Amino acid sequence: MALQQAQVSVVVIGYDDAAHVTDAVRSALAQGPAVREVIAVDDCSTDGSADVLERLAGDEPRLRVVRRPVNSGGCGTPRNTGLDVVTSPYVMFLDSDDVLPPGAVDALLGAALEHDAPVASGLCVRRELPSGRETPWQPELYARRTLLEHSSQRAHLVHDTLCVNKLYRTSFLRERAIRFPEGRFPYEDFVFGARVLAAAPRVALVPDPVYVWHVRRSAARLSISLDRSDITNWRARLDADRLSYDILLGAGEKGPARAARTRFLDHSLRMYARELGLRGTEYQREWWTLTRAYLATFDEGDFAPAPAPGRVVARVILAADEPRDLPRLREMAARPARLTPPYARGADGSPVWSADLPQVELDHLLVRPVELLPAAVDAELRPRARGTVLRLRLHELYGRMAEAGPVTVQAEFTERNDGRVGFAGTAPLLAEAEGDSGAEEPDVDSWTADVPLDLAALGSGTWDLRLRLRFADGSRRETTAHAVAGAGLLRRSALFSARHGVLLVQPYATHAGALAVRLAPGWRGLTEVVRRRLKRLLH
């Protein structure tokens, strides 16, 4: 029976990752008798990784080590190397710095065999290290067990670009010559995934967690997906996106091809637009030129299915021949999106992006449900020894806020690393008139609320602010708050605390422009902050 169950090969790839590859290999071997072999492909490491693998293989007959003589510069070539020597009916891929959770192979293999599916796919979990906080990847795809007779039945499959949370029938990949791009080709899984979907296989989806993606943002060598500071990364992402679209369209899979366009607008474009303010002028100009040229290849039908924020960002880029409105674009690209003032109108009175770019129309704001509107809330954190106040201002949005009737706002702080909810307080939203027009009922320009805070009760860590707006018509909107800068509002301050003695408070704006706060309670926390700052200055 064990021999019948031994139907899966797990290809583990790694380069200079001796610190983690053992955990990856052991997580694959621990899947049990369903795994016939683990093929560890070392991409010509220089840190002794291959020797670590050889020692493991000495005690484990199911482990085969393949040493590549020359480093490939990417992930595609070592995966192809492993695929070439697979002897099992099914194959999975695993990166050396990640792990398979218990039961992953059984869940995928069981679904593949039950439905005679060439592809089985399950839930990937992103685990932030060292905190351990977990976030599901594309969870809407894996809410329940589903069989798709044809992959195009759910075009959203294109949004799950990972190759590692899936089990493939080996003969399916080989007969259709489905392989990864060779050499240094970042985002190789975009292309591999497109080739799989272009073959239109039956796909079994399972809700089980089948892959743990370790995210190490403080690592000395960032992964390709995290190292986005160089323009070559964006070029590579555009190349992968363009090729995956061409593959799907060339195979006649028009639905998935259009979904690939949506994926670009809603994910890639928004993510990189949020970070533009972190880059230099030269990067910004080149990014703008590259992006504008790529967006020019889209047709109107490509824009229509995408969520509004990505469409608006794209329209602004297409309308302007050089970078502009970057802080405002950052807010629109945020999740959730925020449209910050000023609010302009076109010649016919309809909402537009700005007086300078009236061709970027925002008519959708007049008809979208309130819970989906890019409401803008300014936030000021005013630390005081006798009590800190969170001052919030909700801006009107072409009459939609007044129409819904703002009532209250609930403020909640969540610790970024471990997900702790440290504070949730509610305050009424009070209308502010727009100047003194002399009218009996002046127009309302904004609504304000002051939420008292006890920062000492939060404790140490980095805390993200999230808001819940409630309206008189029953609508609700969850959003983040725009961090107001200037006048020392984001200045670090030290408060005396009866609980901690001293509390160091640092309000700041995230990459997406939202308000967050770092807290270091106690003299030890204060000393650690000073030490880190001195270290940065010395370097």
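## Buried or exposed

A residue counts as buried when its relative accessible area is under 20%, as exposed when that area is over 50%, and as partly exposed in between. Keep these cut-offs in mind for this predicted model.

Take cysteine 163. Its relative accessible area is 1%, so cysteine 163 is buried. Cysteine 44 has a relative accessible area of 28%, so it is partly exposed. Across the chain, 54% of the 539 residues are buried.

## Cysteines and disulfides

How many disulfides does the chain have? The count is 0. A disulfide needs two cysteine sulfur atoms within 2.5 Å.

Cysteine 75 holds the closest cysteine sulfur to that of cysteine 163, but the two are 8.4 Å apart, too far for a bond. The sulfur of cysteine 44 also has its closest cysteine sulfur in cysteine 75. Here the distance is 15 Å, again too far for a bond.

## Overall fold

The chain contains 15 helices and 23 strands. Its radius of gyration is 26 Å, and the globule rule gives 24 Å for 539 residues. The two values are close, so the chain is as compact as a globular protein of that length. Along the principal axes, the C-alpha trace spans about 85 × 60 × 45 Å.

Now look at the contacts with a separation of 6 or more. Of these, 70% join residues 24 or more positions apart.

## Surface and charge

The accessible surface of the chain is about 24,300 Å². Carbon and sulfur atoms make up 51% of that surface.

The chain carries 70 positive and 70 negative charges. Their mean positions lie 4 Å apart.

Key: Residues are numbered from 1 along each chain as its sequence is written. This is a predicted model: local features need pLDDT of at least 70, side-chain atom pairs count only at pLDDT 80 or more; totals for chains, interfaces and linings use all residues. Side-chain values use heavy atoms; hydrogens and water are left out. Buried means under 20% relative accessible area, exposed over 50%, partly exposed in between (1.4 Å probe, protein chains only). Helices (H or I, at least four residues) and strands (E, at least two) are DSSP runs, numbered from the N terminus. The radius of gyration is taken over C-alpha atoms; the globule rule is 2.2 Å times the number of residues to the power 0.38. Contact means heavy atoms within 4.5 Å. Accessible areas come from the Shrake-Rupley method with a 1.4 Å probe; for residues, only the protein chains shown count as cover. Lys and Arg count as positive and Asp and Glu as negative; His and the chain ends are not counted. The place of a charge is taken as NZ of Lys, CZ of Arg, CG of Asp or CD of Glu.
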